[in-house]
Amino acid sequence: MTTTSTATLAPVIRKVTARLIPILLIMYILAFLDRSNLGFAKASFQADTGLSNAAYALGAGIFFLGYAVLEVPSNLLMRRVGAKAWLARIMISWGIVSALMMFATNEPSFYLLRVLLGITEAGFFPGVIYYLTQWIPVEHRARVNGLFYFGAPLAFIFGGPLSGLLLDLDGLGGLHGWQLMFLITGLLTVVVGIVVISYLPNGPKDARWLSESERATLLAAMDSEEGAKEDHSPRGALRALANPGVLYFSAIYLTVQMAVYGVTFYLPTQVAGVVGQGVGLQVGLVTGAVWTLAIVGVVVATRVADRTGQRRVVAAVALGLAALGILLSVVLTQPVLVLLSLAVGAAGFIAVQPVFWTLPTSFLVGAAAASGIALINSVGSLGGFLAPIVKNWADATWGPAGGSTTLAIIAALGAGLIAVSHFVSAGVRTIAERRETGGANG
């Protein structure tokens, strides 16, 4: 791309970012808050319902089974019916189920609603990642992805105190605090889903807020990028599901998500133990402070990745820091150092993700991008199912530090896989080219 075209494209990207990211960010905040709410409610929810730690871990993780199975079909359907209608449908349906979580008063209802929640939310995250690939060229993508990923820490910074405040309202209207929390956050999600219908365009061609010249500049840049990826991308949605590169990145994302959910499902309880308070507004505020560093980490990692082009190195370092932070949070005993370690861990596993997604999306195109992105996220989502089970088992086997230590080792393994992903990708391309050459000669 020439300097002139880059100078022409940059203001268009800024305009697109300013228009799309706020609504996508709000959507992601609600999605992450929907998942992290269970962590805030853990103590009071178990006390009121009598659920054991094993039942809680199973219910926390079972969400990801239906979610993982339906990721690929959901993304392919979104590609067919359009992002606006499909993302709105996802939000409205998961908001309704989230509100119904107020009726999860025993194990069967808890498991059923968690499964339904996973089914209704399936496709949201990979849908947004795929949607952004239709708008943002790869050289700008880490930074824009990073702005979207602010949703996770912001969900804790602002949503954490909100969840804690709602828990403190226990007894209002004859409801438990956790019932109020699920009801209100679920209804907020439904409202935002309705707004999405009228606000979100399906793609650049439908963006009336872009001038003709801006639209032409953006479409030309995206067409050029798509053309460059044609030689390296699998042909079609089904082939992407068996592509070695897609499967390799799926394995990496599994390690990332195990680190994420192994911490987030238990973070409020861990913070409560450090500060010596029950989970409420104060713990929500302290938890929010822990996540503030994650925003700094995202800003630094994504800017360095886009400016240097060293996306694999940046992603590997970020996930390595996540592993270190998780490990130190159970090795250290001084409260301030424990909280700082948790902050480093959170910064690492949030910062790695927007940079990570630039790697598979740099070679996937069309239907292969829709299915490949969904499969990677689907396998990663199994980390949300496995993490609480692995943590619970490791804690029971090796003591209170066993679970976090195991998750730190898994995150370190993921960092190593990212570091060597360039060589793996090159090998995959060489094998594919030899097969095609052999087929042509035969």
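Which residues of α5 are buried? In this predicted model, the buried residues of the helix are Phe 124, Phe 125, Pro 126, Gly 127, Val 128, Ile 129, Tyr 130, Tyr 131, Leu 132 and Thr 133. Helix α5 spans residues 124-133 and is mostly covered, ten of its ten residues being buried.

Two residues of this helix, Phe 124 and Phe 125, are listed together with Leu 24 and Trp 135 as those with the most contacts inside the largest nonpolar core, which has 137 residues. The greatest contribution to this core comes from helix α1 (residues 3-49), which supplies 19 residues. When residues up to four places away in sequence are not counted, Leu 24 touches Val 128, Tyr 131, Leu 132, Phe 148 and Leu 200. Of these partners, Val 128, Tyr 131 and Leu 132 are among the buried residues of α5, and Phe 148 is likewise buried. In general terms, nonpolar side chains tend to be buried together in soluble globular proteins.

Aromatic residues were examined next. The structure holds 23 aromatic pairs. In one of them, the ring centres of Phe 148 and Tyr 149 lie 6.1 Å apart with the planes at 70 degrees, so the pair is edge-to-face. Phe 148 and Tyr 149 are both buried. The pair formed by Trp 178 and Phe 182 is also edge-to-face, because the ring centres are 6.3 Å apart and the planes stand at 75 degrees. Trp 178 and Phe 182 are four residues apart in helix α9 (residues 177-199) and are therefore separated by about one helical turn. Both of these residues are buried. One aromatic cluster is formed by Tyr 28, Phe 125, Phe 148, Tyr 149, Tyr 248, Phe 249, Tyr 253, Phe 356, Trp 357 and Phe 363. This cluster thus includes Phe 148 and Tyr 149, the edge-to-face pair described above.

Helix packing was considered for α2 (residues 53-81) and α17 (residues 366-398), whose axes come within 8 Å and cross at roughly 180 degrees. Helices α2 and α17 are therefore roughly antiparallel to each other. By class, their contact comprises 20 nonpolar, ten polar and two charged residues.

Within helix α2 lies Ile 62, which is buried because its relative accessible area of 15% falls under the 20% limit. Apart from neighbours within four places in sequence, Ile 62 is in contact with Tyr 111, Arg 114, Val 115 and Phe 385. Ile 62 and Tyr 111 are 49 residues apart in sequence, yet their C-alpha atoms are 7.2 Å apart in space.

Technical notes. Residues are numbered from 1 along each chain as its sequence is written. This is a predicted model: local features need pLDDT of at least 70, side-chain atom pairs count only at pLDDT 80 or more; totals for chains, interfaces and linings use all residues. Side-chain values use heavy atoms; hydrogens and water are left out. Axes are lines fitted to C-alpha atoms, for helices over the stretch in contact, and angles run from 0 to 180 degrees between N-to-C directions. Helices (H or I, at least four residues) and strands (E, at least two) are DSSP runs, numbered from the N terminus. Angles under 35 degrees count as roughly parallel, over 145 as roughly antiparallel, 65 to 115 as roughly perpendicular and the rest as oblique. Ala, Val, Leu, Ile, Met, Phe, Trp, Tyr, Cys and Pro count as nonpolar, Asp, Glu, Lys and Arg as charged, and the others, Gly among them, as polar. A nonpolar core is a set of buried Ala, Val, Leu, Ile, Met, Phe, Trp, Tyr and Cys residues joined through side-chain atoms within 4.5 Å. Buried means under 20% relative accessible area, exposed over 50%, partly exposed in between (1.4 Å probe, protein chains only). Contact means heavy atoms within 4.5 Å. Rings of Phe, Tyr and Trp (its six-membered ring) pair if their centres lie within 6.5 Å; planes under 30 degrees apart count as stacked, over 60 as edge-to-face and the rest as tilted.
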